[in-house]
Each structure stands twice: as structure tokens, then as C-alpha cells.
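New to this one? Take a look at the chain below, and then we'll walk through a few of its parts together.

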Amino acid sequence: MPNLLAYFVLFTYPMVVIILFRRLPLPQALIWSIMGGYLFLPERTGIDLPLLPAFNKLLIPSLMAAIMCWFAPNPTSRQRRVSTGRSNDGEFVAVAEINPARPSLIANLCIATFLVAPIGIALTNSDWVVFGPRVIPGLRIYDAFSMILAAGVMLLPFFLARRHLATPEAHMDLLRTFVKAGLVYSVLILIEIRFSPQLHRWFYGFHAHDFVQQIRFGGFRPMVFIQHGLRVGVFMLMVVIAAFALYKIRAASRAPTGLRQRNAGEKPKQVGLPIYVALYLLVILFVAKAVGAFMIACIFIPFLMFTKPAQWRILALICAVLVLLYPMARSSGIVPIERVYGIATAISEDRAASFRFRLENEERLLARASQKPILGWGIWGRSRVYDPSTGQDITTADGAWVIVFGVSGWVGYLAQFGLLTLPIFAYFFGRGPLRQSIASQGLCLLLAANLIDLVPNSGLTPVTWMVAGALLGRFERREPHDATQAQSTRTATRRASGVAPATRTRAGGQPTA
């Protein structure tokens, strides 16, 4: 049971968000509001009112940030002036032009499907599910409304980031915030490695998850203030990738000027991060005992270190395709399960047994989901498998993909994971500054690593949606490919602002004619 401190921290967090928005620029305040709520607010604590989504650590930070953003001017909707040129009245000014948004039709289609699909799911699951003494009633329109609200809560960080984190500066802020939060969390992780996962119990009065699952390799897997140690691992994985991306920015800033100019999207004055900080965070990920997250890091980090930013999109694209088509590949037997099981056996017998347990549960859940492959079984545990005699639940759903696929079928799966993978596809086929931007391509790798972890685990968090929204937002405000179109856009902006021809810079800081 949560103690009074848990409820006090949860329901005073809006005051923290207000302070952040008063003290920091809007993009930084938005990032810290969502990430801070995810990292430090208590789990399984909140108030669940009828007809409304639960007021918990998933809703309160995003909702409060949305309210604050509503009253704040959008930095991507207006021009910003810096003192480098000369206007008609003699004032030295220049206009950093922000391209207008060109919303992605595919993204809007995925969002609409995501929000409308619950109606179809409810209409096709009005029958009762019976397993011996267990009886689960059919879904009603009320349940469809509840699913739509839950989808809206899930997408709220995506919407906010898509609108307010769509600039190169915001992408740099996002990488830096990951590293700063990771450095703070590293201290808490070391405490729990030494004393066992106790911080959530010490502060909020209870363990967020089964304590036994956090005992690994003769020690402890830290949970800190997150639901499970595996989610701590995937967060630190994202932190490590952000740290190495910042190191690459530091290396590029020390390169000749020509190379810095080719890395469009970052300010030349920014120096990134020293390598020893990135290595320290990699060690923290290792001692956190999240084997899957560390194995992903061992694949991503060498690729990130020894290739150019334009090539990072290749690895990100491969991951996006694998995740998007994984249910089809899994059900058709294309995935080399036995080979992966052999690798797990070579690492640890216990890990191999855990992997086999997950496979067996996935097969049961996948067989259940195949009975309603289009719109799934809906909520209230209808997609799970129960003992026909006792009605006891005999499945454990670990991977986010199998949970989404069982609940909402192919329609919901493609809408949700299509929206998550769309920024990666967009940046792969994008041109110009998007292809060379270290910050944006680093965020693509960070998102891809998180998506790969969603195959064995359920680490889909508000932070994941925030990264996806920030990437899609910048793509939608990219520079037009046609030089004539770009020039006409700049001319129209100059005339509208009443400023004479002067030195002008794009959002990434590059001079234009």
C-alpha cells in the first residue's frame, strides 16, 4: 500500500512542473516534466475515477505539461531574432527561419486508427469468455470509451513533443537531459546494487514489483522508482546511446570547419560530452544486470562509434522493420528461436530457462491472438489463456508486442508500432540536414534500441513516445527539397517580417543567402 508520502509527491508534482516551466525554456521544461515524472514518481499509486483515466505517474506529468504548453508560445510557430544583420531602421538583426509544419498523412492515419480502433474492438468482442469457473463479460461501448482515453493518455507525450520539440536545439536538449538524468540515476542504481532494491519501499512504503525477480547473478537488479529492473535497464540503454551520440558531437566539433558544417543541425559552439562520461554510463548499464539491454548496447555502440551519422539510419531501419513485422515472422517460424536459445544457454542456464519460459508463453498467447487476428480480444484479460478446469491464468505476457497484438490485433498493432517506427523510416529516406544531423540520427538509434527491447519486454513508456514525437516533429518541419521553394519561403518570411535582406540562418544555425 502506498504511504502518505507517495500520494503527497504524486499530487504535488504539478507544482514542480509549474516551477520548471517558469525557470526553464519551454522545450527543456517539457522534457524534464515528462522524464522526471517517469523516473521519480511512485508506481501503482493514483486515483481511478469512473469514466476518467487513472490519475497516476503516466497521466499527471503529461497532463500538467500540456496545460503549461497551452499557455506558452510555441517556439516553432514564430521567428526568432538574433543580433547579426541590419534591418530597415538600422537595428542589427537576423531572422532564424522555422519551416512551417507539413503534417505526415501516414502519422495522422496511424493516430486516427489508434483512437478509433477501440470502437471496433468493443463491437467485435461483445461475447462472453468462459474458462471453467472464470467468466469474463463482453465489452461495451463504455469499455471502448475507456480504451480511447487510455490511448489518448499514452499519446499525450507524443503530441507535445511533436509540436514543441521539433527543432535541432530541442533534440540536443533531449540528448543532454537523458545523460543528466542517467548520471543522477546512476547513483541510485549503485545504492540499490549494494543494499538491494529498497528505495521505492523506503520512500513510498512498498515494492513496485516482485522482489524475487530482481535477484540476478548473485546480486540485485536495481528498480529505483521504476516498475521493474528491466525498465531501468532499457532507460540506461537509452542514456548510454545518448551519451555516445554527444561524444560524437564533441569529436565533430574538434574536426575541421568543413566537417562541422556538413554535420548540419548542430551548433558549432556545442562540444558534446567527454568519452569517459559515456564509458561510465556503459559500466552502470553493465552492473544493472539487464542482460538484454546490455547486449543491445554491445551492438549499437560500436556501430555508432565507427560509422558516420548518415549510416546510423541503416541500423535504425533494420530494427524498425524487424519490430513492425515481428508478429508475422514469429507466427510463421522465420525467427531463429533455437539459435537464440543456444546463445542464451551459453551465457547462463538460468537465462536460458527464463528465455524458454517466455517462448512458451508467447506461443500460447500468439495462438490465442490468432483466433481474432484483425481487432484482437480487447481488455480485461480476454486475450490471455486460462486453465479450462480451474480458470487460473496460465500465461505471462512479457513482450509489449504480444500484449498489443492480443488486445487489438493487426489493426491496433500496426497503428501503434507504425507510429513508433514512422520517424525512423522518415529519417532513412530524408535528405539534407536530417541525414547528417548527429543529434537527430542519435535519437533515431535511441528509439530503435528501445523498440528492439519491446520484443522481449514491455518497456513502452512516456519517454519512448516523447522521443518518437520529437523526431517526427522535426521531420515535418524539414527544409523543402526544392531550392526554389525554399528560396520563396525565405522571401515570403522576409517580406512578412518587414526586415531588409540580411544575414539569415536556418534553425540549425547555418547561414543562408
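Does Arg140 count as buried or exposed? At 51% relative accessibility, Arg140 counts as exposed, because the bar for that word is over 50%. Keep in mind as you read on that this is a predicted model.

## The chain as a whole

Let's start with the overall picture. The chain has 513 residues, and buried ones make up 53% of them. Along the chain you'll find 20 helices and 8 strands.

How about contacts? Taking those with a separation of 6 or more, 74% are between residues 24 or more positions apart. As for the outside, the chain exposes about 22700 Å², and 66% of that comes from carbon and sulfur atoms.

## Helix H2, mostly tucked away

Helix H2 runs over residues 26-40. At 1.5 Å a residue, its 15 residues should span 21 Å, and the C-alpha atoms at its ends are indeed 21 Å apart, so the two values agree.

Now see what surrounds it. Of the 15 residues in H2, 12 are buried, so the helix is largely enclosed by the rest of the structure. Among the buried ones are Leu26, Pro27, Ile31, Met35, Gly36, Gly37 and Tyr38. The buried residues of H2 pack against several other helices: H1 (4-23), H3 (60-71), H5 (141-164), H6 (168-195), H8 (229-253) and H19 (462-476).

## A nonpolar patch on the surface

Not everything nonpolar is hidden. Tyr7, Phe11, Ile47, Leu49, Leu51, Leu52, Tyr142 and Phe145 make a nonpolar surface patch of about 700 Å². Helices H1 and H5 each supply at least two of the patch residues.

Tyr142 is one of the patch members, and you'll find it in helix H5. With a relative accessible area of 38%, Tyr142 is partly exposed.

## Salt bridges

How many salt bridges does the count come to? The answer is 9. One of them joins the side chains of Lys57 and Glu43, at 3.1 Å from N to O. Both partners sit in the loop between H2 and H3, 14 residues apart. Lys57 is buried, and Glu43 is buried too.

Arg140, from the opening question, has a partner as well: its side chain meets that of Asp143 in a salt bridge at 3.7 Å, N to O. Arg140 counts as exposed, whereas Asp143, at 2% relative accessibility, counts as buried. Another pair is Arg358 and Asp398, whose closest N and O atoms are 3.7 Å apart. This pair links distant parts of the chain: Arg358 belongs to helix H15 (residues 349-369), Asp398 to the loop between H15 and helix H16 (400-429), and 40 residues separate them. Asp398 counts as partly exposed, at 23% relative accessibility. There's also a network of salt bridges that links Asp127, Lys372 and Arg382.

## Two polar residues out of sight

Gln441 is part of helix H18, which covers residues 438-453. Is Gln441 buried or exposed? Its relative accessible area is 0%, so it is buried. The side chain of Gln441 reaches the backbone oxygen of Leu434 at 2.8 Å. Leaving out residues up to four places away in sequence, Gln441 touches Pro309, Trp312, Arg313, Tyr427, Leu434 and Arg435.

Ser104 sits in the loop between strand S2 (94-97) and helix H4 (105-123). At 13% relative accessibility, Ser104 counts as buried, because the cut-off for that is under 20%. A polar atom of the Ser104 side chain lies 3.4 Å from the backbone nitrogen of Ile106. Which residues does Ser104 contact, leaving aside neighbours within four places in sequence? They are Arg162, Leu422, Leu472 and Glu476.

## One last stop: Val287

Val287 is found in helix H10 (residues 275-287). With a relative accessible area of 25%, Val287 is partly exposed. Try picking it out along with Pro222: the two are 65 residues apart in sequence, while their C-alpha atoms are 9.3 Å apart in space.

Key
Residues numbered from 1 in each chain as written. Predicted model: local features only at pLDDT ≥ 70, side-chain atom pairs only at ≥ 80, totals over all residues. Heavy atoms only, no water. Helix = DSSP H or I, 4+ residues; strand = E, 2+ residues; numbered from the N terminus. Buried < 20%, exposed > 50% of the residue type's maximum accessible area, 1.4 Å probe, protein only. Polar contact = N/O pair within 3.5 Å; in protein donor to acceptor, adjacent residues only side chain to side chain. Contact = heavy atoms within 4.5 Å. Expected span 1.5 Å × (residues − 1). Patch = residues over 30% accessible without salt bridge, like charges linked within 9 Å, V, L, I, M, F, W, Y side chains within 5 Å. Areas by Shrake-Rupley, 256 points an atom, 1.4 Å probe, with all protein chains shown as cover. Salt bridge = Lys/Arg side-chain N within 4 Å of Asp/Glu carboxyl O.
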